[in-house]
Amino acid sequence: MLPTRDEAEKLLAEAELCNPGLWGDHSRTVAHCAQKIAESCEGMDPEKAYIVGLLHDIGRKFGVGHLRHVADGYTYMMSLGYDEAARVCLTHSFNTNKLEDYVGRFDTSEEELALICSELARTVMDDYDRLIQLCDSLAGGEGILDMEERMNDVKRRYGRYPQEKWDANLALKAYFEEKAHGNIYELVEKNTYRPQRIL
């Protein structure tokens with residue numbers, strides 16, 4: 001199940017009041033990119049893509065965190081009955097499906113880490129998981145970035161970026177360009193899109 005677009009936008013706006021930051025506009029940018037790409041992909045629902053993109057980082061509502069935001073987002077969305085959004089909260093950080101490729105601090109409790117590991121192990125990624133992973137690697141807080149520039153920025157900030165994760169992002173871009181029959185940067189309006197709060 002999923003919230004409506006309006007409900008998702010309200011959830012994000014409320015979450016930003018709890019923990020203000022660029023992550024909110026990053027989430028809007030991911031949602032925009034996901035919708036635009038899904039519109040060009042046969043069999044994908046642009047509305048679903050937008051909603052799960054908007055909520056992928058909703059765990060940041062509960063404070064500044066790294067891996068913890070994955071567990072927080074998953075638990076929060078499940079508590080509201082939004083299992084499809086919960087799934088993407090879990091999968092968006094793991095495009096190689098490997099916990100060790102997470103870039104950032106492992107700041108979870110043992111229970112939260114166990115939850116992430118067990119749920120990730122039983123999840124078979126679909127095109128919505130892959131789409132949000134792609135869009136997460138394109139989206140900044142002020143708009144759409146060149147993927148390699150964004151990955152290099154993450155590498156500078158955290159001191160590492162696993163090569164397998166890097167290659168997986170480029171493969172996702174190629175996969176969706178073939179599926180959408182177009183250039184990803186053109187589809188997502190890279191040069192003109194800027195995030196705006198709806199509420």
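**Helix 3, its surroundings and the largest pocket**

What covers the buried residues of helix 3 includes helix 1 (5–18), helix 2, helix 4, helix 5 and helix 7. Before going further, I should say that this is a predicted model.

Staying with helix 3, which spans residues 46–55, eight of its 10 residues are buried, so the helix is largely enclosed by the rest of the structure. The buried residues are Lys 48, Ala 49, Tyr 50, Ile 51, Val 52, Gly 53, Leu 54 and Leu 55. You will notice a lysine, Lys 48, in that list.

Two of the covering elements, helix 4 and helix 5, also pack against each other. Helix 4 covers residues 68–79 and helix 5 covers residues 83–91; their axes come within 8 Å and cross at roughly 175 degrees. Angles over 145 degrees count as roughly antiparallel, and therefore helix 4 is roughly antiparallel to helix 5. On the helix 4 side, the contact is made by Val 70, Gly 73, Tyr 74, Met 77 and Met 78. Helix 5 contributes Asp 83, Ala 85, Ala 86, Arg 87, Cys 89 and Leu 90. Sorted by class, that contact has eight nonpolar residues, one polar and two charged.

One residue on the helix 5 side deserves a slide of its own: Ala 85. Ala 85 is in helix 5, and with a relative accessible area of 1% it is buried. What does Ala 85 touch, leaving out residues up to four places away in sequence? The answer is Met 1, Leu 2, Val 52, Leu 55 and Met 77. Val 52 and Leu 55 are among the buried residues of helix 3, and Met 77 is one of the helix 4 residues in the contact I just described. For a distance to something further along the chain, Ala 85 and Ile 116 are 31 residues apart in sequence, and their C-alpha atoms are 15 Å apart in space.

Last, the largest pocket. Its volume is about 840 Å³. The lining consists of 32 residues, and those nearest the centre are Arg 60, Arg 150, Val 154, Arg 157 and Tyr 158. Which elements give two or more residues to this lining? They are helix 2 (23–39), helix 7 (127–136), helix 8 (147–158) and helix 9 (163–180). Helix 8 supplies the largest share, six residues. By class, the lining has 11 nonpolar, 13 polar and eight charged residues. Helix 2 and helix 7 thus appear twice in this talk: they give residues to the pocket lining, and they are among the elements covering helix 3's buried residues.

Note on methods:
Residues numbered from 1 in each chain as written. Predicted model: local features only at pLDDT ≥ 70, side-chain atom pairs only at ≥ 80, totals over all residues. Heavy atoms only, no water. Axes fitted to C-alpha atoms, helices over the stretch in contact; angles between N-to-C directions. Parallel < 35°, antiparallel > 145°, perpendicular 65-115°, else oblique. Contact = heavy atoms within 4.5 Å. Nonpolar A, V, L, I, M, F, W, Y, C, P; charged D, E, K, R; others polar. Buried < 20%, exposed > 50% of the residue type's maximum accessible area, 1.4 Å probe, protein only. 1 Å grid on protein atoms, 1.4 Å probe; cavity = no way out; pocket = protein on both sides within 12 Å on 5 of 7 lines; lining within 4 Å. Points joined across faces, edges and corners; volume = space filled by probe spheres on them.
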